[in-house]
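Open your viewer and get ready to make a few selections. This short tour tells you what to pick at each stop and what you will find there.

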Amino acid sequence: MKETLVLYPSPGMGHLVSMVELGKLFLTHGFAVAVITVNSTYTTGAASSTATFMTRMSSAHPFLSFHRLPSVSLHPNASPHHEAHAFDLFRLSNPHLLSLLSSLSQSSPVRALIVDFFCTIALDVAAELAIPSYIFFTSSAASLAAFLHLPALHSKVTTSFKDLGDSPLHFPGLPPIPARDMPLPMLDRDDDAYKGFVAVFNRAPDADGIIVNTFVSLEPRPLQAIAGGLAVPGKKAPPVHCVGPLIAIQPKLRHDCLDWLDKQPQQSVVFLCFGSLGAFSAKQLHEIAIGLEKSQQKFLWVVRSPPNPVAALAPGGGESAKLTEAPPEPELEALLPEGFLDRTGERGLVVKSWAPQAEVLRHGAVGGFVTHCGWNSVLEAIVGGVAMVAWPLYAEQRMNKLMLVEKGLAVEMRGYESGAVEAAEVEERVKGVVEAEWGREARGRMELLRLAAEAAMADGGSSSVAVNDLVSKWKAGRR
Ligand code: UDP
């Protein structure tokens with residue numbers, strides 16, 4: 001009988017896809033993998049794509065199964081951030097998780113429960129059943145070091161980050177981070193989302209280990225700060241296992257944009273794409289279009305419909321609206337300047353809503369990437385050896401941007417903070433990332449990182465050794 005690993009991702013496609021990618025890795029080591037998902041009321045819009053993804057995955061992998069917990073009713077919460085609702089959801093789901101895990105354990109030995117960091121409260125369930133528990137952290141080791149240090153910082157600082165403006169926050173192993181660059185739901189210490197994060201990271205060192213989608217040579221300093229106990233003063237440093245870069249390639253039909261890229265010269269195209277949730281106002285889309293047109297640069301641009309202002313104003317709107325509303329297909333002719341598609345058709349391609357990003361970034365024709373700096377996007381750019389222009393939008397993306405700029409892998413799109421980037425800036429950056437000296441240098445550094453990532457994943461490389469260590473531990477029934 002196969003031994004089982006149980007994965008507990010948070011909603012949101014980005015988290016689910018990365019977690020399943022981790023599960024696929026352990027399938028190759030002979031485990032059965034059970035993925036438990038919550039039945040959330042705040043992600044209904046995304047439900048159909050999530051369901052399609054799960055069906056496809058379970059039919060492709062016989063030992064990968066999906067299990068949905070019963071719904072829970074969430075109490076009203078004044079926080080405008082969906083994270084506050086997520087923390088409630090996981091807390092209320094613990095009894096259901098306990099009963100499902102108990103029944104799974106009866107049919108096959110469960111060797112570990114691996115939870116998304118949002119679901120850290122589930123460590124209580126693992127403890128009750130005496131199952132080893134791990135956290136899977138889907139962002140950088142730098143963010144992990146900062147977040148692990150959040151409870152210590154919280155007890156030292158008495159002001160909300162939003163009131164500290166540009167003042168630097170000091171985290172072990174990281175350059176100073178301006179307070180305003182912390183994730184939006186962490187800015188107000190009276191908000192339930194902030195309190196939830198403090199509780200999560202207070203609890204995180206209790207896990208048997210933290211698995212991170214990164215590789216050691218990419219982020220040695222924050223990893224040393226965690227291992228040396230600096231990130232969690234007064235507590236035992238949690239063992240960290242870097243297993244990345246794990247990149248999900250979606251087994252779909254070949255997208256037309258890849259055929260178009262085949263016809264373009266090497267490293268000539270700038271790719272613009274802003275994660276699974278990023279969307280711009282009609283005005284901002286216009287500015288981007290004008291900048292692209294003036295730049296004369298070859299481009300591949302994924303355009304999504306502007307956010308629905310009514311949904312954003314709904315109760316619990318703002319951030320949560322981004323999750324609940326599956327945006328309609330964009331009307332390109334109406335959204336972009338008149339004649340733009342005809343005038344740029346020779347050297348540019350606009351794709352509606354979604355492109356197979358990981359494959360695009362690996363294509364030799366792509367030389368630059370304008371990105372929102374989501375961590376999966378960063379890893380995919382590294383694996384493609386593509387230089388970046390950083391345009392952070394939400395979550396921990398401003399922190400990721402700081403790291404990328406500090407390492408000379410990206411330059412910043414100026415004006416992103418005010419939410420109004422001008423056409424002239426877009427023009428300069430998209431030209432520069434392909435042609436300017438800084439673009440060439442950044443590409444050179446990314447190429448070195450691409451090789452380092454390959455080495456980490458190869459037999460005997462740091463990430464592959466980390467996976468083998470976890471596997472042998474679990475097979476031996478150890479923590
Ligand atoms: N993605 C994609 N095509 C798109 C937009 C996004 O394939 O048009 C994928 C992208 O390759 C990445 C994920 O969606 O794997 C986005 O994850 P990331 O962590 O970068 O950002 P998030 O969506 O979580 O903000």
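The stops below go from the domains to the ligand and then to a pair of helices. Keep in mind throughout that this is a predicted model.

**Stop 1: the domains.** Select residues 4-248 together with 459-475 of the protein chain and give them one colour; this is domain 1 in the domain assignment. Then colour 256-454, which is assigned as domain 2. Taken over C-alpha atoms, the centres of domain 1 and domain 2 are 27 Å apart.

**Stop 2: the ligand.** Now show the ligand and the 17 residues around it. Which of these come nearest? They are G14, G275, S276, Q357 and G374. Next, highlight helix 14 (357-362) and helix 15 (375-384), each of which supplies at least two residues of the shell around the ligand. Helix 15 gives the largest share of that shell, with four residues. If you colour the shell by class, you will find nine nonpolar, seven polar and one charged residues.

**Stop 3: a helix pair.** Select helix 5 (residues 141-156) and helix 6 (residues 192-203), whose axes lie 8 Å apart. How do the two run relative to each other? They pack at an angle of about 110 degrees, and angles of 65 to 115 count as roughly perpendicular, so helix 5 and helix 6 are roughly perpendicular to each other. The crossing of helix 5 past helix 6 is left-handed.

To see the contact itself, show side chains for F147, L148, L150, P151 and H154 on helix 5, and for F197, V198, F201 and N202 on helix 6. By class, this contact has seven nonpolar and two polar residues, with no charged ones.

Notes
Residues numbered from 1 in each chain as written. Predicted model: local features only at pLDDT ≥ 70, side-chain atom pairs only at ≥ 80, totals over all residues. Domains from an automatic or database assignment. Near = placed C-beta within 6 Å. Nonpolar A, V, L, I, M, F, W, Y, C, P; charged D, E, K, R; others polar. Axes fitted to C-alpha atoms, helices over the stretch in contact; angles between N-to-C directions. Parallel < 35°, antiparallel > 145°, perpendicular 65-115°, else oblique. Left-handed = near helix turned anticlockwise from the far one by under 90°. Contact = placed C-beta atoms within 7 Å.
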